[in-house]
Amino acid sequence: MKFPSQWVVRWAWAIIATFIVGSLLFLIPLRKIEIDPEIKNQLPPDMPAQLNIAAIEKKFGGSELVMIVVEAADVLAPSTLKRIQKLSEELAKVPTVDRVMSPFTLTDVQGTPDGMMSVEPAIPSIPETDADRAALKERLEKNPIVYGNVVARDFKAATIIGLLSADAKDSETVAAVQRVIDAAPGPETVRVGGMPDVRQRVSDDIRSDIRRFAPAGIVVILAFLLFSLRQLRGVVIPFTVQVLAIIVAMGLIPLFGWKMQMVTVTLPVILLALGNDHTIHLVARYQEENLPTEKASGAEIAVRVLRELGFPVITAGITTVAGFLCLLSHIVIPARQLGVLAAFGIAFAVVASLSFAPAVLAKMRRAKPLPNLVNADKAPFLERLLQHNARFVLRNKRLVVGGTLLLTLLAAAGIPFLTVDTNPINYYPSTAPVAETAHTINKYFGGSTEISVMVEGDIQDPTVMKKIDALDRELRKLPQVGFTSSIAQVVRTMNRAISDGKAEADVIPDTREAISQLFLLYNMGGNPQDFERLVDFDYRHALVTARVNSLSTSDIAAVVNHIREYTAREMGDLKVTVGGFGAVFADLVGAIVDGQVASLATSFLVVMLLNAFGFRSLRAGIWSMLPLALAVPALFGLMGTFGIELNVVTAMLSSIMIGCGTDYTVHFLWRYRDERREGYGAEEASYRALNTVGRGVVYNGISVILGFAVLGLSNFTPVRYFGFLVVVSVAACVLAAIQLMPALVAWLDPRFARPRLAPQPSMAAPRPASVNTEV
């Protein structure tokens, strides 16, 4: 069955104009593209952890905050305390900051001789003598509200926390905080933390990635096209298809009401790497047909090439599109969007390779034949290498197959060591400012990742309060938890304060009246808003917060799972809601693993069935997936061996790998089947297919590898790893197409490719001496 191709010549100018004008129209919405660095927007809004965060924020306000961390040899030194006080005062003046928590704004509860309660600032004055400093140190160590919370336990760091209003904008907030720091200079090390700073950096780095990827990718692809196809048309036509596909796909982002995020920043690179795949095959085949002895015109050659390659291009293109669409099963919303956008871009490139590219070739003057295709003695290194490879593979079929299986088993041995990471801080290397701030907070203030537990009930009931206290104490026992806060801690502190500081009074009172009296005494001297992050106004909801002192997702998940098990066992009579970003990270672990399995199975099955439909043979569909059946476990094994985590970005790998990795096998098997049906034997057909379509496969594969290698310039560690893994997987698929598959088909002679009728002796051309595999 041949692909209809005459219409391309008949309507060539209309096709060319339609593609160019239609694509350029997408530049109009492209100007409205926006960047969204918000992590919560990357997750499904109906995700349980997301719903829990919303429920907690509804009762206790938004969790948005900005932190100024000050490091010094001793933060209680007078000059350092003055700077901290200045930073606290200036931060309070920022319009988007609702409240400031610092050593100078938090309180210290003390008892009075008449049994009342005194509420004073945690640092009432700056010490002037060593004795005053020692007294202040002892005072702070007894204050659970401050010690370990805003003042490090070794007194080498302090933090000023600004609670932000709901309408705070990241860029304005970060700029205002920087002005605050500039207004209070000093020798201490000052860092900025909090999600506004993280989002602002992510937003800036997304823009930086786009600026880096574009010129690097263009230079690499243009240089490679010129080197491989060695003709101006071999550069201009594939590259034009790439550029138009990128414009269309990127223009769809604002049209769909979507925004640019860290995951979707890879879209231009994906299309730059994959957008010219099928056009390269057509141009390479055009060059093969364009011999000095050929009497046909350029248009006639273009028609012939399209007729021969049309169906394999469609088959390979559909499988790539299907692979990307399988990303719809991904838990992360931008990954789903990337799958849709990349599928549109690849589909556009496939249609362009079947219409726009041959139309341009038909209207161009016939090019001079390439010398290396005319005279084998002038063949460049790659063509000679393919010939030697074909001889080696066909002489050593069992060795090639056995060696491939052995290497796959060795690589797959690392699968048990594969880990999952969902913490966005790990998007950056450890030396990045975001990561350094997170490590500082982990070191001095108990952790940068918070887990919130909201307890609903009669909070002033001693039974309920004691259960909250027990939960607080349970969390403090966990090695991964560096700091906890709860209203139960405050109640114990107040009870001890009015009992002359007796250690035995550091307990929850046994009566409701006693607990109510403590709150009443505090409100007489303090601000009721001091507890707004611990208990609501009507004492129906209390919040217990735990900070995890590790960036490891497994550590965070261990704490979350322990909380859920403990509250289900010990607090079953109360309504408990577990939220915070720590809970989101923990839930993402299971979601990513489940999504990876579902995506892998779905994409594998869908692509196999599509290949079977394209070949009109289920056996052919199964054969087309053999290299991927080996490459996928090998790749995950290598990830485990080299410590590359499975995260929201690398979890996209399997669908993309299956979608584009099968292309090379499809092109080889299609040409092999054509050669077999021309009457050649299995070994001869394998040799001929490898030395014809092999050129396009290798050039195509190198183009994809070079395109994805550009991701190594990314600011984000997962994106760099993703680029590396795609490079490795594509290289493996190319090697499988030019080594494993030729050996297998020559050895096993698959039934789907055998001639339908027994060939007559005159059908098979005599074997030239140059293709003798025994030479």
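Met524 is exposed in this predicted model, with a relative accessible area of 59%. The residue sits in helix α21, which covers residues 512-525. Between the C-alpha atoms of Met524 and Asn647 there are 51 Å, and the two residues are 123 positions apart along the chain. The protein as a whole contains 28 helices and ten strands.

**Overall build**

- Along the principal axes, the C-alpha atoms fill a box of roughly 115 × 50 × 40 Å.
- The protein has 775 residues, and 58% of them count as buried.
- Among contacts with a separation of 6 or more, 80% are between residues 24 or more positions apart.
- About 31,600 Å² of the protein is exposed, and carbon and sulfur atoms supply 60% of that area.
- There are 73 positive and 70 negative side chains, and the centres of these two sets lie 14 Å apart.

**Helix α25 and its surroundings**

- Helix α25 runs over residues 626-641 and has 16 residues.
- From its first C-alpha to its last, α25 reaches 23 Å, close to the 22 Å expected at 1.5 Å a residue.
- The buried residues of α25 are Pro627, Leu628, Ala631, Val632, Ala634, Leu635, Phe636, Gly637, Met639 and Gly640.
- These buried residues pack against five helices: α17 (397-412), α23 (581-615), α24 (618-624), α26 (653-677) and α28 (717-748).
- After α25 comes Gly643, which has a positive phi, near 70°.

**Salt bridges**

- Side chains of opposite charge can pair when their charged atoms come close.
- The protein has 34 salt bridges, counting a Lys or Arg side-chain nitrogen within 4 Å of an Asp or Glu carboxyl oxygen.
- One of them joins the side chains of Arg304 and Glu289, at 2.9 Å from N to O. Arg304 belongs to helix α12 (residues 298-325) and Glu289 to helix α11 (residues 277-289), so this pair ties together parts that are 15 residues apart in sequence.
- Another salt bridge is formed by Asp587 and Arg564, with an N to O distance of 3.0 Å. This pair links distant parts of the chain, since Asp587 is in helix α23 and Arg564 in helix α22 (residues 553-570), 23 residues apart.
- The two partners of that bridge fall in separate burial classes: Asp587 counts as buried at 19% relative accessibility, because the cut-off for buried is under 20%, while Arg564 is partly exposed at 30%.
- Asp469 and Arg473 also form a salt bridge, their closest N and O atoms being 3.0 Å apart. Both residues lie in helix α19 (residues 462-477), four residues apart, or about one turn of the helix.
- Asp469 is buried, with a relative accessible area of 8%, whereas Arg473 is partly exposed, with 39%.
- The Asp469 and Arg473 pair is part of a network of salt bridges that links Asp469, Arg473, Arg492, Arg496 and Asp506.

**A buried loop residue**

- Gln261 is located in the loop between α9 (232-255) and α10 (267-274).
- The relative accessible area of Gln261 is 4%, so this loop residue is buried.
- With neighbours within four places in sequence left aside, Gln261 is in contact with Asp36, Glu38, Asn41, Gln42, Ile206 and Pro334.

**Positive phi outside glycine**

- Most residues other than glycine have a negative phi.
- Phe155 has a positive phi, near 60°, and is not a glycine. It is found in the loop between α6 (130-141) and β5 (157-164).
- Phe155 counts as buried, at 3% relative accessibility.
- Asp749 is not a glycine either, yet its phi is positive, at about 50°. Asp749 lies in the segment after α28.
- Asp749 has a relative accessible area of 18%, and therefore falls under the 20% cut-off and is classed as buried.

Key
Residues are numbered from 1 along each chain as its sequence is written. Side-chain values use heavy atoms; hydrogens and water are left out. Helices (H or I, at least four residues) and strands (E, at least two) are DSSP runs, numbered from the N terminus. The expected span of a helix is 1.5 Å times one less than its number of residues. Buried means under 20% relative accessible area, exposed over 50%, partly exposed in between (1.4 Å probe, protein chains only). Contact means heavy atoms within 4.5 Å. Accessible areas come from the Shrake-Rupley method with a 1.4 Å probe; for residues, only the protein chains shown count as cover. Lys and Arg count as positive and Asp and Glu as negative; His and the chain ends are not counted. The place of a charge is taken as NZ of Lys, CZ of Arg, CG of Asp or CD of Glu.
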